[in-house]
Amino acid sequence: MLANNQKSITEAVREIVGGDLSFQDSLQRDYCNISALARLIKPQIDHMLGKDTSIESIITALKRSKYDYNVQEKPIASILAASTITVNTDVAKISAKKSKKTIEKVAKAMVRSVGNFISISESIMSITLVFDDLLLQDVKAMFAYDDILEIEDSLAAIIVHSPEDIIKTPGCAIAFYNQLARRHINIEDTVSCYTDTIVLVKMEQVGKAFNALTDLISNSRKMAKKKHR
C-alpha cells in the first residue's frame, strides 16, 4: 500500500515539475530549495490525489524527479543572472479593435510621440498600446468610442532586459511570471519584444513586483558565483 501511495505522489510531482521549466532547471542544476518547493506544490499534490500528503514524501519524489529532465545547454539560471530591470511608472493601456484606420492612427501617433510609447502589440482582432499616462486623453481621442475594447491607467511597466540567449531558451519568461504569481501579484498585461520582457502591474503592486523579480535575479547570480568558485 505504501509503494502505491508513493508512486501516486511521484507521478503527481512529475506532472507538476514537467509543466514548469523553471522547476526543472532549478532541480537539475541544484539551486532549488527542495523543502520550499515541496511546500509550494503540496496544495496541488493534495488536490490531485484527493488526500493530505506528507512533505517528506513530496521531497523524496522531487529528489527522484531531478534526474528525469534534460536542461538546455544555455540554462535558464544563467540568463536570469544576466538580466536587469527597469521600471516605468504612471503608465496607461488602451486596447482597440484592429482595422486599417486604427493602425494608420497608431503609426502617426508613434511618429509624433515615439519616446512616450512603451509597447504596441497586435492580435488578429485587436491592437494594444502601452504608453505614458500623460498621453491617455490624446490616445483615447484617436479611436471611435465603439472601437475601444479596454482602458486602464495607474499601471507600471516592469521591463526585464535579458541577453540574446533568451530568444532560443525556453522557460525564461515562465520563470518571471511564476515569481510574480507566487507573490500573488496580478499581471495586467505582458509582451515580449526581442530580449525584453514587459510586464504591466497595478501601481500599488509595483514595489512588490520589482522586489520579487529582483530576488529572482539576485538568487540566480548567487548560484552562478558558487558554481565558478
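Me: Is Glu152 buried or exposed?
Reply: In this predicted model, Glu152 lies in strand 4, which covers residues 148-161. Its relative accessible area is 11%. Buried means under 20%, so with 11% Glu152 is buried.

Me: Which residue has a side chain joined to that of Glu152 by a polar contact?
Reply: Leaving aside neighbours within four places in sequence, Glu152 is in contact with Ala92, Lys93, Glu188 and Lys202. A polar contact of 3.4 Å links the side chain of Glu152 to that of one of these residues. That residue is Lys202.

Me: With which strand does strand 4 pair over seven bridges?
Reply: The pairing is in the antiparallel sense. Within the two strands, Ala157 stands opposite Leu200. Leu200 belongs to the partner, which is strand 6.

Me: How many of the seven residues of strand 6 are buried?
Reply: Strand 6 pairs with strand 4, and five bridges also join strand 6 to strand 5. Strand 6 is largely enclosed by the rest of the structure, because the buried residues among its seven number five.

Me: Which residue of strand 6 stands opposite Ser192?
Reply: Strand 5 covers residues 189-193 and strand 6 covers 196-202. The two run antiparallel and are joined by five bridges. Opposite Ser192 stands Thr197.

Me: Which residue takes a positive phi in the hairpin of strand 5 and strand 6?
Reply: This hairpin has two residues between the strands. The residue in question is found in the loop between strand 5 and strand 6, and its phi is about 55° although it is not a glycine. The residue is Tyr194.

Me: Is Tyr194 buried or exposed?
Reply: Tyr194 is in the loop between strand 5 and strand 6. Its relative accessible area is 57%. Exposed means over 50%, so Tyr194 counts as exposed.

Me: What is the phi of Ser154?
Reply: Ser154 has its place in strand 4, and at 39% relative accessibility it counts as partly exposed. Its phi is positive, in a residue other than glycine. The value is near 55°.

Me: How many residues lie between strand 2 and strand 3 in their hairpin?
Reply: Strand 2 covers residues 117-122 and strand 3 covers residues 126-132. They pair in the antiparallel sense over five bridges. The number of residues between them in the hairpin is three.

Me: Which residue of strand 3 stands opposite Ser119?
Reply: Ser119 has its place in strand 2. Leaving aside neighbours within four places in sequence, it is in contact with Thr128, Leu129, Val130, Val191 and Ile198. Of these contacts, the residue that stands opposite Ser119 in strand 3 is Val130.

Me: What is the relative accessible area of Ser119?
Reply: Ser119 is in strand 2 and has contacts that include Val191 and Ile198. Ser119 is buried, because its relative accessible area is 11%.

Me: How far apart in space are Ile118 and Val17, C-alpha to C-alpha?
Reply: Ile118 is in strand 2. Not counting residues up to four places away in sequence, Ile118 touches Asn88, Val91, Val130, Phe131, Ala157, Ile159 and Ile198. Val17 is 101 residues away from Ile118 in sequence, and the distance in space is 34 Å.

Me: Which residue with a positive phi follows helix 8?
Reply: Helix 8 covers residues 172-182, and its buried residues are Cys172, Ala175, Phe176, Asn178, Gln179 and Leu180. After the helix comes a residue with phi near 60°. That residue is His184.

Me: What share of the contacts between residues at least 6 apart in sequence joins residues at least 24 apart?
Reply: The protein has nine helices and six strands. One such contact partner of Ile118 is Asn88, and another is Ile198. For the protein, the share is 74%.

Me: What percentage of the residues is buried?
Reply: The protein has 229 residues, and its C-alpha trace spans about 65 × 45 × 30 Å along the principal axes. The accessible surface comes to about 12900 Å², of which 52% belongs to carbon and sulfur atoms. Buried residues make up 42%.

Me: How far apart do the centres of the positive and negative side chains lie?
Reply: There are 30 positive and 28 negative side chains in the protein. Each set has a centre, and the distance between the two is 6 Å.

Terms used: Residues numbered from 1 in each chain as written. Predicted model: local features only at pLDDT ≥ 70, side-chain atom pairs only at ≥ 80, totals over all residues. Heavy atoms only, no water. Helix = DSSP H or I, 4+ residues; strand = E, 2+ residues; numbered from the N terminus. Buried < 20%, exposed > 50% of the residue type's maximum accessible area, 1.4 Å probe, protein only. Contact = heavy atoms within 4.5 Å. Areas by Shrake-Rupley, 256 points an atom, 1.4 Å probe, with all protein chains shown as cover. Lys, Arg positive; Asp, Glu negative; His and termini not counted. Charge placed at Lys NZ, Arg CZ, Asp CG, Glu CD. Polar contact = N/O pair within 3.5 Å; in protein donor to acceptor, adjacent residues only side chain to side chain. Pairing = 2+ DSSP bridges.
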